[in-house]
Amino acid sequence: MMIKNAVLHQEMLQSVCLRGLLLLLVGRQVYTQDQCLKASVNTCGDCIKSGPGCAWCKDLNFTKTGEQEAARCDTVDVLKERGCPADSIINPKNYYDKILDKPLTKNSPPVQIKPQELQLYLRPGMPHTFQLNFKRAEGYPVDLYYLMDLSYSMKDDLENVKKLGNSLLAELQKITGNARIGFGSFVDKTLLPYTDTNEAKLQQPCADKNEPCQPAFGFQHVLPLTQDGSKFREMVAKQHISGNLDPPEGSLDAIMQAAVCVKEIGWGNSTRLLVLATDDGFHMAGDGKLAAILEPNKETCQMVDKKYTMSNIWDYPSVGQIARKLEEQNIQPIFAVTKKMETVYTELSKLIPKSAVGVLSDDSSNVVKLIVDAYNNLTSEVIMAHDNLPNFISVKYTSSCSGGEKPSDRGKCDNVNIGQEVTFNVTVTAEKCINSQSFLIGPLGFSEKLKVTVQTRCECECDDSKNLHPHCGNHGTVVCGSCRCQSGFLGQRCECQIGQKDEASLKKQCRKENGTECEGKGDCVCGRCQCHITEGGGNFYGEHCECDDEHCEKFDNKQCAGHGKCKCGKCECEQGYEGTACHCAKSDEDCKIEGSVCYNRGKCECNQCVCERGYKGPYCKTCSACQPPCQQSGNCVECLAFGTGHFEKNCSLACAHLDVAAVEKLVKSDCRVRDKEGCWMTFTMTEKLGFDTYSINVLKDRECPEGPNIAAIIGGSLAGVALIGLLILLIVKAILYASDLREWRRFEKDRKHEKTSGTNPLFQNATTTVQNPTFSGDS
């Protein structure tokens, strides 16, 4: 159970540290010394604050009429290219003064670090590196406070500890020649469920009533640090075992009081060791809720008559609180534990810098050797760290030791012997302008520290006259090349007197596209916007105050994902990152296919293809709305495949985007286009990488129309004319027949209605009498 708690607590602590680091990175400006990233720049001081790559030209005639003063701010190279004389360029550099620099010595008092005090003058964003030397002095005093678990299971161990006073002191004297030892003990809080709260049990918590047993207690300080080994044996001999209920003990309560009660324990200017001897695990912050203790540990000394008085009122401290207090007091803990607890305290040791774990024998008979070995291991490891680091200051360490070449938040050297000198390179960077502030740097476990005072260089040092200058129309003074106008005058050269110009026309100059005056983020003064300060303490900037560096796209609730800086509402990503919120590591591995990136039809952003011109799919392979350009490609197909057409003379130049091959047969037919001669060309188009490039297969044989058949045309024409004439005759005949038939029917109808006897009165017989003129009638 304790192993799981310890590991879980370690993971929680690492998670908190990681979140804190990411929050710092989100708000941190990334400076480079080879470029000048200007924001709102009106003066030389503004320019210097913009970054270490920015310099200011103070030459009076550098800016043109109407050009903003921000033009004076740029990199040194750019300013020289634009004609600024070298002696007119203001570009402050870092420097430092050694306030205290005593040589390293082993004399009393020994000096183990050099220098002892520095004054740094830093330009924001410009790192400065200095050397810090450390040399372990022989005979450096040691204070050892022995903190023992007096729960009933440690009964045998207590008997051996009662005998070790002189032997432990003698071993330490062999190493340093100047050692002191002290003693304290602990059990647990005297509340349920940690301890039986029956009054009789509180007074006699041991199982054997006939055995000497002291009342239950949380932590008690027995003996301050002393050089008298006999006194140690005498005071420890008076100690008796005690008891509690649950296996975990109040170890962290005891460690906290031993660390913060400096005066009571008697900690001196020495190597401070705290030995914790126990055979069980420990309660930590939050466990106090089991006894209805809700008030967190306040990390202050609360001892009255050598007893911890807030044991039943304050919760147990957290591992983080213990680690911080031990580091603040330069105390190096040694966990002397039984074999079954080794894993738990090894995990705990990983969370506490400069700590060691040793395994006790069943009766603690090996405790002296364990302490000596742990002391040698701890003191041979030098970890350089800083305390009380101000905001907006970062510190990195490198060293000449093995593995120390890479910059880290702490410098480390292993196996450093007494008298051996090691050198650390300390790089300090001020991220923004701050007031003069100090912090300490020193090896963990040692009281000696280097005091570093940082003062930022955020103003230009120009030797200008305070008299009115003709360059400023005699209405202002020159400050680093710019005009500082008298009251009532404004403008680049103090040419604008308040009240002389039409207010409406001046305000119109402050409106972007007839919008709000200065975007509502500044004041319009003499036709120019003077921008306000943002809520975060920065500045709005731009001609109409349209920009700020505090409102960029976020990812995982971090501006620019912590991998870029916000510039006028857009993220400028650090090298190796991309995306609108700098949320992606730059890579095109997942966009590569067939030797190309996104088929050359898009860009790879955040390891995904962002397609162009309507292409879709994971690799921009297809375009559902796109049709093959058959008609547009017809002329090129004709000239490349058949050597004819409009592009016949410049075919290779005009049709370089097409690769045409003539084939006998096509599986499918995408396009059918007429050529110059009227023949049909049939071909397929396969898109290649990129845009408008195709591989074309065209049929060798074109479909050309045959010539006209004259005989057939004439014969057909004559046959047509004859057929038409015949049809006309038949139509006329039919009309005449129909007319005769109609008359006949009318005649027949009239005959049926006649009233005569049947002889037509108009009828005359057809009898003709002919007389022969020569006949006389005589027979």
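Me: What do buried, exposed and partly exposed stand for?

Reply: A residue is buried when its relative accessible area is under 20%, exposed when it is over 50%, and partly exposed in between, with a 1.4 Å probe and protein chains only. F183 is buried, and F232 is buried as well. This is a predicted model, in which local features need pLDDT of at least 70 and side-chain atom pairs count only at pLDDT 80 or more, while totals for chains, interfaces and linings use all residues. Residues are numbered from 1 along each chain as its sequence is written, and side-chain values use heavy atoms, with hydrogens and water left out.

Me: How many aromatic pairs does the structure hold, and what do F183 and F232 form?

Reply: Rings of Phe, Tyr and Trp (its six-membered ring) pair if their centres lie within 6.5 Å; planes under 30 degrees apart count as stacked, over 60 as edge-to-face, and the rest as tilted. There are eleven aromatic pairs in the structure. F183 and F232 form an edge-to-face pair, with 5.9 Å from centre to centre and 85° between the planes. F183 belongs to strand β9 and F232 to helix α7 (residues 229-237), so the pair ties together parts that are 49 residues apart in sequence. Elsewhere, F134, Y140 and F446 form one aromatic cluster.

Me: How are helices and strands assigned?

Reply: They are DSSP runs, numbered from the N terminus: helices are H or I with at least four residues, and strands are E with at least two. Two strands pair if DSSP finds at least two bridges between them. Strand β9 (residues 179-186) pairs with β10 in the antiparallel sense over five bridges. In this pairing, F186 stands opposite F219 in β10.

Me: Why is strand β10 described as largely enclosed?

Reply: In a regular strand the side chains alternate between the two faces of the sheet. For strand β10 (residues 219-226), seven of the eight residues are buried, so the strand is largely enclosed by the rest of the structure.

Me: What counts as a disulfide, and how many are there?

Reply: A disulfide is a pair of cysteine sulfur atoms within 2.5 Å. The count by this rule is 24 disulfides. In one of them, C206 and C213 have their sulfur atoms 2.0 Å apart. The torsion about their S-S bond is about 80°, so this disulfide is right-handed. C206 is buried at 2% relative accessibility, and C213 is buried at 13%.

Me: Which disulfides involve helix α14?

Reply: Among them is the link of C636 and C655, with sulfur atoms 2.1 Å apart. C636 lies in helix α14 and C655 in the loop between α15 (651-654) and β38 (658-663), so the pair ties together parts that are 19 residues apart in sequence. The link is left-handed, with -85° about the S-S bond. C636 and C655 are buried.

A disulfide also joins C639 to C651, with 2.0 Å from S to S. C639 lies in helix α14 and C651 in helix α15, so this pair ties together parts that are twelve residues apart in sequence. With 65° about the S-S bond, the link of C639 and C651 is right-handed. C639 and C651 are both buried.

Me: How many salt bridges are there, and what is the rule?

Reply: A salt bridge is a side-chain nitrogen of Lys or Arg within 4 Å of a carboxyl oxygen of Asp or Glu. This rule gives a count of 28 salt bridges. One of them joins K114 and D101, whose closest N and O atoms are 3.3 Å apart. K114 lies in strand β5 (residues 113-114) and D101 in the loop between β4 (95-100) and β5, so the pair ties together parts that are 13 residues apart in sequence. K114 is partly exposed at 22% relative accessible area, and D101 is partly exposed at 31%. K98, D101 and K114 are linked in a network of salt bridges.

Me: Which parts of the chain does the salt bridge of R613 and D692 link?

Reply: R613 and D692 form a salt bridge with their closest N and O atoms 3.1 Å apart. The pair links distant parts of the chain, 79 residues apart: R613 is in the loop between β37 (608-611) and α14 (630-642), and D692 is in the loop between β40 (680-687) and β41 (694-699). R613 is exposed, with a relative accessible area of 52%, whereas D692 is partly exposed at 41%.
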